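Colleague: I should be grateful for a close look at a single part of this structure, together with its setting. Please explain each term as it arises.

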Amino acid sequence: MKPKNGGRTSTVTSRGRRDWEETTLRSAVGKKPERKKEFTTVSNLPIEGLYSPEDLKGWDPAAKLGFPGEPPFTRGVHPTMYRGRLWTMRQFAGFGTAEDTNKRFHYLLEHGQTGLSVAFDLPTLMGRDSDDPQAEGEVGREGVAIDTLADMEVLFKGIPLDRVSTSMTINAPAAVVLAMYLAVAEKQGVPLEKLEGTVQNDILKEYIAQKEWIYPPSPSLRIITDMVAFCTDRVPKWNTISISGYHIREAGSTAAQELAFTLADGIGYVQACVEAGLDVEAFAPRLSFFFNAHNDFFEEIAKLRAARRVWCAIMRERFHAKSPRSWMLRTHVQTAGCSLTAQQPINNVVRVTLQALAAIMGGTQSLHTNALDETLALPTEDSARIALRTQQIIAEESGVVNTVDPLAGSYFVEALTDRLEQEAWNTIRRIDEMGGIVPAIEQGFPQREIAEASYLYQRQVDAGEKIVVGVNRYAEGDNLRSATLKIGPEVEPGQVARLKALRKGRDKDRHTKALKRLEENARTKENLMPAILEAVRAYASVGEICGAMKTVFGAYREGKVQL
Amino acid sequence: MSTTREQNVRLLVGKVGLDGHDRGAKIIARALRDAGFEVIYTGLHQTPEMVVATALQEDVDGIGLSLLSGAHNTIFPKILRLLTEKSSSDVVVFGGGIIPEEDIPTLKRAGVRQIFTPGASTQEVVDWVKANVPPRRR
C-alpha cells in the first residue's frame, strides 16, 4: 500500500523495519534463535537487536548534539578535540616513601607522561599521621606516605611546579595537602597563579562509596567552599574539585547510577558554593569530573556523552550560569580497576585497551590506564609502561583521534546516550525530592542503591549470567600469584622515625600558634585556607592539622549498614 | 520446622583498618546471610581490638575479614593473638581480599584457616563456611 504522504523517507523506513522484522528477521530467528533471550549491558540495561531511525523519532540533532565546543557539548568540549591536542596521559603513581614516588615521577616524565598524579597512602587519605595507632601496617602501602611539608618537598624534588600539572587524589584532607603543594611552590619561587593541577576534594562520594572521611558532611562542605574561594582568588588555574564517579562505579554501581550520583554530587557542590556567596561564573569553570571506563563499550561512551549534556543543562537552567565555560563538563577517566582479574593477568591489557578506547570515543580530557597487575598490587615499572603505551598506541596508531566524536549519529549510540540521560534525570529528581544529595546520603539512599547493584552483579557472575573471561568462563590455572611491587618492611618504621625527628626539630612556638589560629578560625566563618597554609609552613603534620579541625567539627560515623 | 545447621552458626564479617573498600565485605555478609547463617557486619574502620570484642560479645563461631589495604600481615596475626589471649582461639578466622598468594602460607601458619582471593565466588565462601565453621557453644 502506498503511504498517503507520498512515501517520505521516515514512513518508508518505518514500514521497512516492520517488514524486515516480520519477514527476514522472523525467518532467521525461526531457523536459529538468538543466543540469548535478552541482551543487556554490563549494568543490565536492555539492548535491542537493531537500532534504526524509529529509535530517534523527534530527535533533534541541533538540540541533542550541537557542535563540538558548543552547548550542550555532547560532541565534546573542544571544537577540534584530539586533532588539536591529545588527552593528557596521566598515570596515577605513589607508593612507599616520598623519595620512592619522586623517583617514579621522574621515570614517568622521562617516558613521555604529560602530567603527574599522586596516590597517597591510607593514613594520609584519612588525615592521620604515620605514627597514629590506626595507621599500623598501612604506611606507604597503597600510595605515598605524606606527613608534613618536609615529605612534600621530597616528593616534588627536581620537578619545577610551573612546568607540570599535578593531580592529587585526596579528599577529606585535600585542603591540607593542597596547602603543602602551594608551600612547595613558594619554596621553588613559583607564583601560585602559575600552578596547574587538580585535587580530588570530593567528599560526597566518600560518604557514598569510598568511605574515607573525617568530618560530618556540613563542615566538610565548608572546608571545600573555603578552599574553592581561596583558589578562585589566588590559584586560578587549579581544578578545585574533581567530582568523581569512578569510586561509585568501583563500589559496584551501574553506569547509570555512576552518572546520576556523580552529577548529583556536582549539584551539591555548586549549591554549597553559591550558598557560601561565591559567584558561579568564577568557580564553575574550575570544577572537573572523573569517571570510570568499564567493560561495556557503548554504554561507557554513551555515559560520557550524556554526562556533558546533562551538566550543561544543570548549569544553565538550575544555576543560571551565563558563561559557556561554566556549562562544560571536563573529565578525567580511569579504566575500571574492579574489572581486572588476577586470573590470566595478561588479559587485563586487552580489557584496559577496550576501556581506554571507550573513554576516548567518549571524549575524555585525560586518562589513566590501569596496569595489568593492579588487581593484586601497585604496578611495577614494566606494567606501568605497558599501560601508558596502550594509550600511546590508541593515540598514534589507531586513527580514532582523526575526527571529532566519530560515533555521533549512530542510532544505537544516540539512543543509548538519551537513555542514560533519562536515567540520570530520574535519579536527580528523586534526590531533589529528598532535599538534595546530603540528606539523600544521610538516609543511605545512594549507598543502598549501589549495594543492591553490586550484589545483583555478583549473583549474575556466580550464576554465569555475566561472563568474566578467565574466571567463570575459559578458566585455567594461570593466576597472578604474587605482589609484583614490594613495599619493604622498612618503609613504615623509617617514615615514623622521620616524623618523630621532624617534630623535635621544628619551631615549636610557630607550630603551636598556627594550630591554635586554625582551631579559632574553624569556630568562626573565617576562610580556613590561610590558617591551614600557615600550619603547613610551620611543619604541622596532616594528622595535627586535621585533628585541630576535628576538635571543632567532630568526626563522621557511618550509620548502621543494612545488608 | 527444624533449624538448619547454618542457623546455629553465628558469623562476624569485618573491615579492619582505614580501608573503606567494603563492596566485597557487604556482598559476602549478605551471601552468608542468604545462605542461612546469622551474620553480624561490623561496619568500617574497626581496630583488631574492636573486632575481637564484638566477636566475643556476640559469641560468634567464625570471623571473616575483608582486607584490600595490604595490611593483612599485620591485622590477621593481631586478631588471632587477641583471640588466644581471651581463650577464644576456637573461633574460626578466615578472610579474603587483595592478598598475594605468597603471603597465604604465613597467614595460615599464624592460624588463619582460609583466604579467598579475587575471583572467588560467593558460593565457594558459603560452602567453605558450611564445611569448616562448626557451632562452638552447646
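Modeller: The account below begins with one strand and then turns to its surroundings.

The model is predicted: local features require pLDDT of at least 70, side-chain atom pairs count only at pLDDT 80 or more, and totals for chains, interfaces and linings use all residues. Residues are numbered from 1 along each chain as its sequence is written, while chains are lettered from A and ligands numbered from 1 in the order in which they are written.

The part chosen is strand β8 of chain A, residues 287-293. Strands are DSSP runs of E with at least two residues, helices are runs of H or I with at least four residues, and both are numbered from the N terminus. In β8(A), seven of its seven residues are buried. A residue is buried if 20 or more other C-beta atoms lie within 10 Å of its own, exposed if 12 or fewer do, and partly exposed in between, with C-beta atoms placed from the backbone. In a regular strand the side chains alternate between the two faces of the sheet. On one side of β8(A) are Leu287(A), Phe289(A), Phe291(A) and Ala293(A); on the other are Ser288(A), Phe290(A) and Asn292(A), and both faces are covered.

Strand β8(A) also has partners. Two strands pair if DSSP finds at least two bridges between them. Four bridges join β7(A), residues 241-244, to β8(A), and the two run parallel. Within this pairing, Ser244(A) has Phe290(A) as its bridge partner. Strand β9(A), residues 331-335, is joined to β8(A) by five bridges, again in parallel. There Phe289(A) is partnered by Thr331(A).

Chain A has further strand pairing. Strands β2, β3, β4, β5 and β6 of chain A form, in that order, an open sheet of five strands with parallel pairing. Its edge strands, β2 (92-93) and β6 (238-239), each pair on one side only. Two bridges connect β5(A), residues 196-199, with β6(A), and Gly197(A) stands opposite Trp238(A).

Helix packing comes next. Two packed helices are described by the angle between their axes and the distance between the axes. Here axes are lines fitted to C-alpha atoms, for helices over the stretch in contact, and angles run from 0 to 180 degrees between N-to-C directions. The axes of α14(A), residues 347-361, and α15(A) come within 10 Å and cross at roughly 45°. The two helices are therefore oblique to each other; under 35 degrees counts as roughly parallel, over 145 as roughly antiparallel, 65 to 115 as roughly perpendicular and the rest as oblique. The crossing is right-handed, that is, the near helix is turned clockwise from the far one by less than a right angle, whereas an anticlockwise turn is left-handed. Among the residues of α14(A) that meet α15(A) are Val349(A), Val352(A) and Ile360(A), and those on the α15(A) side include Ile386(A), Thr390(A) and Ile394(A). The residues of this contact comprise eight nonpolar, three polar and no charged. Nonpolar means Ala, Val, Leu, Ile, Met, Phe, Trp, Tyr, Cys and Pro, charged means Asp, Glu, Lys and Arg, and the others, Gly among them, are polar.

A second helix pair is α20 (residues 508-523) and α21 (residues 529-537) of chain A, whose axes come within 8 Å and cross at roughly 160°. That angle makes α20(A) roughly antiparallel to α21(A), and their crossing is left-handed. Leu515(A) and Leu518(A) are among the α20(A) residues of the contact, and Ile532(A) is one of those from α21(A). By class, six residues are nonpolar, one is polar and two are charged.

The last topic is the boundary between the chains. Residues are in contact if their C-beta atoms, placed from the backbone, lie within 7 Å. By this criterion, 33 residues of chain A touch 31 residues of chain B. Helix α18(A) gives the largest share of the chain A side, five residues. That side has 14 nonpolar, ten polar and nine charged residues. Ser454(A) lies in α18(A) and counts as buried because it has 23 C-beta neighbours inside 10 Å. Leaving aside residues up to four places away in sequence, Ser454(A) touches Ala251(A), Gly252(A), Arg23(B) and Ile27(B).

Terms used
Two residues are in contact if their C-beta atoms, placed from the backbone, lie within 7 Å.
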